[in-house]
Amino acid sequence: LAASAVRAQARDVDPRKQPEKHAALQQRLARIMKRLDVKEFDLGGRANVLVHVMREEGPGDKTNADADVDLKEASIVFKYFPYPMRITSGKLLIRPGRLEFVDWKLVGLHGGTGGLSGTVKLAKGDMDEVEPNLKVHMVGLPLDSLLMDVLPQPQDRWVRMLNPSGTIDVV
């Protein structure tokens with residue numbers, strides 16, 4: 001990770017239509033990026049990919065593609081909880097209308113280990129409308145400033161008032 005670079009931006013918010021929301025997201029990203037003790041966090045990694053492309057015979061038939069992604073060394077930051085995680089192993093199965101997360105082994109940037117599995121259904125094939133059904137567990141996740149900065153507002157105020165320290169297990 002030390003040789004990679006962080007590239008982050010507030011997406012899904014048009015700065016011309018929602019300048020206040022865009023500015024708030026950019027400030028939140030800036031706080032999070034300050035907390036990372038590496039210069040960059042590459043949102044990618046190594047994987048083996050197998051793609052199946054299928055098409056029925058005949059004119060006008062739709063082509064479908066499935067992909068099996070076998071993750072070897074990857075990193076990820078989720079859109080709605082932007083805490084950087086490394087993926088040491090697992091599979092991502094890409095199917096029409098859904099994504100399947102199979103036995104992901106996770107490691108936190110500053111400690112903690114865990115896993116992720118489940119599915120995300122795409123409503124009408126639209127990535128903005130999804131139905132997640134994910135199970136995440138973490139053991140020994142540090143209660144540090146990086147974790148505090150990714151907590152949603154205004155709920156983060158209550159956690160900050162408690163001023164927790166140490167580690168936490170999340171199930």
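Me: What supplies the area that the chain exposes in this predicted model?
Reply: The chain of this predicted model exposes about 11,500 Å², and carbon and sulfur atoms supply 54% of that area. Buried residues make up 31% of the 171 residues in the chain.

Me: Why is Asp-66 called buried?
Reply: Its relative accessibility is 15%, and buried means under 20%, so Asp-66 counts as buried. Arg-95, with a relative accessibility of 17%, counts as buried too.

Me: What makes the pair of Asp-66 and Arg-95 a salt bridge?
Reply: The closest N and O atoms of Asp-66 and Arg-95 are 3.9 Å apart, and a side-chain nitrogen of Arg has to be within 4 Å of a carboxyl oxygen of Asp, so the pair meets the definition of a salt bridge. Because Asp-66 lies in strand 2 and Arg-95 in strand 3, the salt bridge ties together parts that are 29 residues apart in sequence. The two residues are also linked with Asp-68 in a network of salt bridges, and the structure holds six salt bridges.

Me: Why is Lys-72 called partly exposed?
Reply: Lys-72 has a relative accessibility of 33%, and partly exposed lies between the limits of 20% and 50%, so Lys-72 is placed in that class. Its side chain meets that of Asp-70 in a salt bridge, at 3.1 Å from N to O, and Asp-70 is partly exposed as well, with a relative accessible area of 21%.

Me: How do you know whether Asp-156 and Arg-160 are buried or partly exposed?
Reply: Buried means under 20% relative accessible area; Asp-156 has 7% and therefore counts as buried, whereas Arg-160 has 37% and is partly exposed. These residues form a salt bridge, with the closest N and O atoms 3.3 Å apart, and both lie in helix 3 (residues 155-162), four residues apart, which is about one turn of the helix.

Me: Which residues touch the most other members of the largest nonpolar core, and which elements contribute to it?
Reply: Of the 24 residues in this core, Tyr-83, Ile-87, Phe-101, Trp-104 and Leu-106 touch the most other members. The elements that give two or more residues to the core include strand 3 (85-95), strand 4 (98-108) and helix 2 (145-150).

Me: What is Ile-87 in contact with, leaving aside its neighbours within four places in sequence?
Reply: Among its contacts are Leu-71, Ala-74, Ile-76, Trp-104 and Leu-106.

Conventions. Residues numbered from 1 in each chain as written. Predicted model: local features only at pLDDT ≥ 70, side-chain atom pairs only at ≥ 80, totals over all residues. Heavy atoms only, no water. Core = buried A, V, L, I, M, F, W, Y, C linked by side-chain atoms within 4.5 Å. Buried < 20%, exposed > 50% of the residue type's maximum accessible area, 1.4 Å probe, protein only. Contact = heavy atoms within 4.5 Å. Areas by Shrake-Rupley, 256 points an atom, 1.4 Å probe, with all protein chains shown as cover.
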